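Here are some short exercises to help you find your way around a new structure. Take them one at a time, and keep the 3D view open as you read.

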Amino acid sequence: SAEGQTPPARDAVFREFTGNILAKKVAKFDTPVDWEEHRRSGVEPDARVLRGHVILGVKNAELPPEAREYKARVVGNGGQLRDIWGQIAEVADLYTLPLGLQSFRLICAWALANAARGYEVFAVDGAYLQAVRRGPPTYLVLPAELMALLPEETQEKCRKMRTPSFRLLTPIYGETDAGDDWAAYFEAILVRLGWRRLEAAGGEQLFLKDVPTDDASAPPVSLLLGMYVDDGAIAGPRDVVLAELNLIGQEVVFKPPTALQRFLGVQLHRTLRQDVPGMILEQRAYAEHAIAAFEAEWVQQPRAQAIPGLSLKQAEDQHGQSREGGRFAKTARTHLGALLYLARATRPDIAEAVASLAREVTQWGPACDARLQRIFGYLRRTAASGLLSQWASGSTDDASRVVAAVAGVRSDATSA
């Protein structure tokens with residue numbers, strides 16, 4: 001419920017429901033159905049029902065308050081769909097792989113492959129709510145705070161029902177197969193527009209398109225596009241990129257595209273050093289957010305460190321006979337989760353120290369506390385560090401060659 005929440009939070013709920021759920025005709029809101037009666041009738045024996053909830057979050061919580069944004073979602077049961085018998089409905093194991101960090105770096109590399117190339121980022125507005133619903137008929141039971149936003153005529157009909165519900169026309173957030181419905185819908189649009197999925201990306205939402213130029217003797221211009229659920233990044237000559245986004249925008253609604261500066265929690269900065277174009281990928285805001293959470297629990301600042309970890313022998317010597325009773329035994333997973341994402345995305349310098357310490361979470365002792373403090377001490381001193389990528393060998397006219405070269409060294413998901 002939005003009761004008792006701040007005005008921005010209440011406004012976020014109102015915008016989500018009236019601007020997305022109602023306006024986009026997510027369900028037949030003018031025709032409520034009493035679920036109990038419908039279930040007993042047996043008219044749709046494969047019908048399912050789910051209860052709607054409102055969740056509130058703060059987007060970009062690691063950034064300063066002025067850069068944060070309240071975000072509301074109307075979700076359905078968190079995937080707990082039930083059939084007419086009240087049992088958990090079986091859902092096919094369909095999960096589309098979103099864009100991974102390696103594929104994201106590939107898009108950055110292609111943007112740098114030629115100084116004239118640009119890159120854009122775009123966010124689809126209510127992606128799931130634009131997709132075509134697949135699977136059996138499903139009905140949504142709204143929470144009271146959303147029922148109150150329906151037209152009075154509809155509310156009056158609902159008051160006469162035991163369990164008023166509304167037949168869904170699109171997927172909604174929280175359904176197990178909603179992400180796959182959206183991915184299939186969007187991929188079909190891209191295929192119609194001449195894109196093809198890159199098989200070398202291992203099933204991720206990474207696509208390539210060759211766009212003919214006005215010069216018949218010149219090779220086509222190649223564009224790369226990656227999707228992380230409803231957030232997209234595209235690289236290529238800027239005029240061609242914008243023209244392509246205009247075509248996609250005729251099929252799906254997305255917010256105005258902007259130059260790619262932040263994606264997957266990673267900040268990007270273009271550089272030019274000694275006439276060589278480059279790109280810095282950093283997560284200073286994310287790192288400082290993780291440091292602040294650690295310091296709030298420890299109630300002091302970790303001492304600055306020149307290196308993040310210890311040798312295996314040093315770590316074992318610190319443990320001695322005690323491998324229990326560490327101060328951070330209950331919260332280590334939270335801190336290590338933040339550190340692991342940093343290490344994976346932009347900070348390979350802490351990867352070994354974090355990964356080796358993560359193996360100790362089931363036997364956390366005082367020495368583990370000291371190692372965790374050491375990592376945060378090093379991170380506090382180097383929070384602004386990041387990765388510098390440069391394209392020093394000129395340009396390439398063959399995007400497939402770049403794709404194969406980078407995708408060929410993707411890390412195995414099972415060895416992370």
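**Exercise 1.** Find which residues phenylalanine 122 is in contact with, leaving aside its neighbours within four places in sequence.

*Solution.* Remember as you look that this is a predicted model.
- Step 1: Start with the run in the 230s, where phenylalanine 122 is in contact with residues including Asp230, Asp231, Gly232, Ala233 and Ile234.
- Step 2: Add Leu225, Met227 and Leu245, which are also in contact with phenylalanine 122.
- Step 3: Finish the list with Phe254, Lys255 and Pro257.

**Exercise 2.** Work out which residues have the most contacts inside the largest nonpolar core, and which elements supply at least two residues of this core.

*Solution.*
- Step 1: The largest nonpolar core has 27 residues, and Phe122 is among those with the most contacts inside it, together with Trp182, Phe186, Trp195, Leu225 and Ile248.
- Step 2: Helix 6 (178-192), strand 9 (206-211), strand 10 (221-228) and helix 7 (238-249) each bring at least two residues to this core.
- Step 3: Of these, helix 6 gives the most, with 5 residues.
- Step 4: Now look for a second, separate core; it has 26 residues, including Ala113, Leu198, Val266 and Leu268.

As background, nonpolar side chains tend to be buried together in soluble globular proteins.

**Exercise 3.** Describe helix 6: how far does it reach, and what do its buried residues pack against?

*Solution.*
- Step 1: Helix 6 has 15 residues and spans 22 Å from its first C-alpha to its last, close to the expected 21 Å.
- Step 2: Among the buried residues of helix 6 are Trp182, Phe186, Ile189 and Leu190, and also the acidic Asp180, Asp181 and Glu187.
- Step 3: The buried residues of helix 6 pack against strand 8 (196-197), strand 9, strand 10 and helix 7.
- Step 4: After helix 6 comes glycine 194, with a positive phi near 95°.

**Exercise 4.** In which sense does strand 2 pair with strand 6, and in which with strand 3?

*Solution.*
- Step 1: Strand 2 (residues 48-59) pairs with strand 6 (residues 138-141) in the parallel sense over 4 bridges. Here valine 49 stands opposite tyrosine 139.
- Step 2: Strand 2 and strand 3 (residues 69-76) run antiparallel, joined by 8 bridges. Here lysine 59 stands opposite glutamate 69.

**Exercise 5.** How many disulfides does the structure hold, and is cysteine 108 buried or exposed?

*Solution.*
- Step 1: The structure holds 0 disulfides.
- Step 2: Cysteine 108 counts as buried because its relative accessible area is 4%, under the 20% cut-off.
- Step 3: Cysteine 368 is buried too, at 0%.

Definitions and conventions. Residues numbered from 1 in each chain as written. Predicted model: local features only at pLDDT ≥ 70, side-chain atom pairs only at ≥ 80, totals over all residues. Heavy atoms only, no water. Core = buried A, V, L, I, M, F, W, Y, C linked by side-chain atoms within 4.5 Å. Buried < 20%, exposed > 50% of the residue type's maximum accessible area, 1.4 Å probe, protein only. Contact = heavy atoms within 4.5 Å. Expected span 1.5 Å × (residues − 1). Disulfide = S-S within 2.5 Å. Pairing = 2+ DSSP bridges.
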